[in-house]
Amino acid sequence: MKILVVDDEEMKRLSLYRDLQVWGHSVTCAADGLEAWDHLQRSLFDLVIADLMMPGMDGLELLKKIKSGVNALCDVVMITAYGSIPVAVEAMKRGAFDFITKPFSNEQILPILQRIEQLHAEQDQKIHPTSQEALTQIENVLVGASTSMRRVHELVEICARSDTNVLLTGKTGTGKDLVASVIHKRSSRHANPLVKVCCAIFPSDLIANELYGHEKGAFTGADRTRTGRLDLAAGGTLYLDDVDDVPLDEQVKLLRVIEERVFERVGGNLPIHANVRIIASTKKDLLEEIEQGSFREDLYYRLNVMCIHLPPLRERMEDLPLLVSHIVRKISGSERGLIDTETMGVLASHRWPGNIRELHNLLQRTYLTGKGVVSADELVDQIRLGNGRAKTDTGFKQRVDRFECELLMNAMRAAGGNKTAAARLLGMRPSTFRDRLQRLGL
């Protein structure tokens, strides 16, 4: 567990720190309530062990702040003198897990830790029943069973369980926005806002105002204080879409927000705490941007604590049938009788420069113009209209892929769905036949 020990008695604080580490926990120490609150604003903890009587902010006030903030799910164990037991009981009514009276040996706290760990395991079992079931839930949203998508599912699950910054990479239309949403919804911050900032749409002189807000009178026309996206995302997640479009001078300010967790509104000088988890996305290679001098290396490494790469659709064509089924069902409420072999052949032969977003839009247009049927001919027409040029069924490779798709599916029909028999009809090895089916997304 990640534990914060708060006690103004240095010897007891250090003693607990040493033993808790020996027992396998990650431990942070604070000498008083104010220092503890500073740690709690910067990071999430599983457990706080706090002395009840401390100068400045006492344990009861610290408990109240914990239970009303992003660390509300954090358990709190109070340390109290014998004469303060009534106050400790009051603390339990306010949400403390338990209390322990002074003097005590560190071993006496072990049973409490074991109870907390057991409860955490039970709660985690409800939220994430098993790793396989959790992945199944993610797959309901992030559709795909290819090797690359299974890796994406695993990384999303890891990121959802932590509070680290995440960098999402991949071409336009690969699903970065959806991944950011899934991570937030499965994280401990899910009860608080997910606020998106499209960095590409704001000119350099407006991005700071959008992120940090402004004070009244900060510039001509600023007749009232404006809350920025960082304020709106308090306790939740700030999603910086196309972070590569943030101007260099603004990257310095963003770096400070990440490192120091503070910012000021435009025209103001009052530091405001930034209690947010940052997820950023980029369609570019940021290492190349660093070499060209258009992106700060230090900011890159602050954002890239965890990295999830979303592969383009053309690199995961084995997921195409699953994606088509999912999208058509979403568009129409049914998938029966809508996609035939020839239609799937057209889809399999397209290069998908717009990735999943293009696939979704194309299927939706074809479904509407085809009066509830997604046909191959209508699909080809819509691809030509949508792209302004014929990208499908015109090149040599596209024609070969489409012909091969029809050939394989005709053999499957003739063999009654038996792949080995279908391969024999075509004079192919069964393993080669299966490889061709997978390559074409069939």
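Q: How do you know that the sulfur of C199 makes no bond with the closest cysteine sulfur?
A: That closest sulfur belongs to C198 and is 7.8 Å away. A disulfide is a pair of cysteine sulfur atoms within 2.5 Å, so 7.8 Å is too far for a bond. A search of the whole structure turns up zero disulfides.

Q: What sort of model do these values come from?
A: It's a predicted model, where local features need pLDDT of at least 70 and side-chain atom pairs count only at pLDDT 80 or more, while totals for chains, interfaces and linings use all residues. Residues are numbered from 1 along each chain as its sequence is written, and side-chain values use heavy atoms, with hydrogens and water left out.

Q: Why is C199 called buried or exposed?
A: Buried means under 20% relative accessible area, exposed over 50%, and partly exposed in between (1.4 Å probe, protein chains only). C199 comes in at 2%, so it counts as buried.

Q: And what is C198 called?
A: Its relative accessible area is 25%, so C198 is partly exposed.

Q: What makes Y300 and Y301 an aromatic pair, and of which kind?
A: Rings of Phe, Tyr and Trp (its six-membered ring) pair if their centres lie within 6.5 Å; planes under 30 degrees apart count as stacked, over 60 as edge-to-face and the rest as tilted. Here the centres are 4.9 Å apart and the planes stand at 75°, so the pair is edge-to-face. By this rule there are two aromatic pairs. Y300 is buried, with a relative accessible area of 11%.

Q: How do you know that K12 lies over the face of F104?
A: The rule wants NZ of Lys or CZ of Arg within 6 Å of the ring centre and within 35 degrees of the ring normal. K12 lies over the face of F104 at 3.9 Å from the ring centre. The charged end of K2 likewise sits over the ring of F45, 5.1 Å from its centre.

Q: What is the strand order in the open sheet?
A: The five strands run β2-β1-β3-β4-β5, with parallel pairing. Strands are DSSP runs (E, at least two residues; helices are H or I, at least four), numbered from the N terminus.

Q: Why are β2 (26-30) and β5 (98-101) said to stand at the edges?
A: Each has a single partner strand, so one side of each is left without a neighbour in the sheet.

Q: How do you know that β4 (residues 75-80) pairs with β5?
A: Two strands pair if DSSP finds at least two bridges between them. Four bridges join β4 to β5, which run parallel. Across that pairing, I79 stands opposite I100 in β5.
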